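Trainee: Could you take me closely through one part of this model, the sheet and what lies beside it? I would like to know which strands pair and what packs around the loop that leads into them.

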Amino acid sequence: MRPTRGPRPTWTMFRARPNTPRQPDVWILLALCLAVSLPALFQAGWGSGMNRSLSRTWIQKIRYDEFLAQGDKSAWYRVDLDSITDPTLTAKFVQSHCDAESQAFISQSVDKSNWLLNQIWQSLAKRFLSFFYSQTDINGMLERGSMFVLSRDQWFSLTQWDPTVQKSTLIDLGAGDGGPTRTLAPHFQTVYATEASPAMRKLLSRQGFEVLPIDEWSQDRRYDVVACLNLLDRCDEPLTVLEQIKGSLEPDGLVALAVVLPFKPYVEFAADHTPKQKIPFASRTFEGQVQELQKILNQLGFEIVRWTKVPYLCEGDLSSSVYNLNDAVFILKVGDSVLNCDVTDQ
């Protein structure tokens, strides 16, 4: 729910939140939320003005739900290739579309957003818990705001792998509640994850993923695939993360990198919400920033194998059933010049 700085899975470099309070019982929280929030709502008044506002919001939501069910979503996947000046980059583009798995996530999100009592409860609980927890922790505790990046078909279209063959190891950095991780997990023998939020780490462990400390995942381990999905704009040191990824790959390993463009960094656990390391972008368009990101990745020793554009989908609320952002997804490998170069020379 990035358009309003809503829930996004967050992973930070060495800034995990200290002394996170113990999660209280959910039923106690419900009672406290109702006790604290309902009087305030009644004081504010559920008069005709508020009723009109709610009615307008609900009508807009119904219209958007109709689009989500039957509308043409090709614009979510469209790229103006004519504006990209590098022919090698355009040649590596893979056109994606809203397939059955993507539509299933959208339909599920619409259904959940229409559970009125559940949405009211989550809204009240979120208001109360925000005094004590981060937004990501709240999403983990309430099990809300799940994300969707790639379908399985889109993954195999980008990697050109045989779906019947299992690879050895995958690590998903900043895995959130594990939604995107679950999409890839069946195709790997061992799956690791990292996550800064304690509530999200519990969800990941509950699903059987081995959660590694965020400052140890790159030590003494090598991975066939490192998934870094919508993490660079949410971490303190994105360039350091990319360097760690490069050093953690098997010789023929791949990186699945997803970046929301235009790039707007926001670090949840930083006091001023700005990262220590900044990635410079001059362009303000999706296509322009894709070209700039290619140059940055090349400078860091990566080579783009294939790339696509997909919507970064997030479960919605009473206002909107689904939130989406423009996601550039790259499959990367370490460049041949880096593989043939001695570390000390670099």
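**The sheet and its neighbourhood**

Mentor: Strand 2, which covers residues 167-173, pairs with strand 3 in the parallel sense over five bridges. Here strands and helices are DSSP runs, numbered from the N terminus, with at least two residues (E) for a strand and at least four (H or I) for a helix, and two strands count as paired if DSSP finds at least two bridges between them. Please keep in mind that this is a predicted model, in which local features need pLDDT of at least 70 and side-chain atom pairs count only at pLDDT 80 or more, while totals for chains, interfaces and linings use all residues. Residues are numbered from 1 along each chain as its sequence is written, and side-chain values use heavy atoms, with hydrogens and water left out.

Within this pairing, Asp172 stands opposite Ala193 of strand 3. The two strands belong to an open sheet of eight strands, whose order is 1-7-8-6-5-2-3-4 and whose pairing is mixed. Its edges are strand 1 (147-148) and strand 4 (210-211), and because each of these has a single partner strand, one side of each is left without a neighbour in the sheet. In general, strands of a sheet pair through backbone hydrogen bonds, either parallel or antiparallel.

Turning to the loop, His187 sits between helix 8 (179-184) and strand 3 (188-193). With a relative accessibility of 13%, His187 counts as buried, a term that means under 20% relative accessible area, whereas exposed means over 50% and partly exposed lies in between (1.4 Å probe, protein chains only). Apart from neighbours within four places in sequence, His187 has contacts, meaning heavy atoms within 4.5 Å, with Arg152, Phe156, Pro163, Val165, Gln166 and Lys167. Of these partners, Lys167 falls in strand 2, while Arg152 and Phe156 fall in helix 7, residues 152-159.

Helix 7 deserves a look of its own, since its buried residues are Gln154, Trp155, Phe156, Leu158 and Thr159. The residue that follows helix 7 is Gln160, whose phi is positive, near 60°.

For bench work you may also want the cysteines. The count of disulfides, taken as pairs of cysteine sulfur atoms within 2.5 Å, comes to zero. The sulfur of Cys235 has its closest cysteine sulfur in Cys228, and at 6.8 Å that is too far for a bond. Cys235 counts as buried, at 1% relative accessibility, and Cys314 is likewise buried, at 2%.
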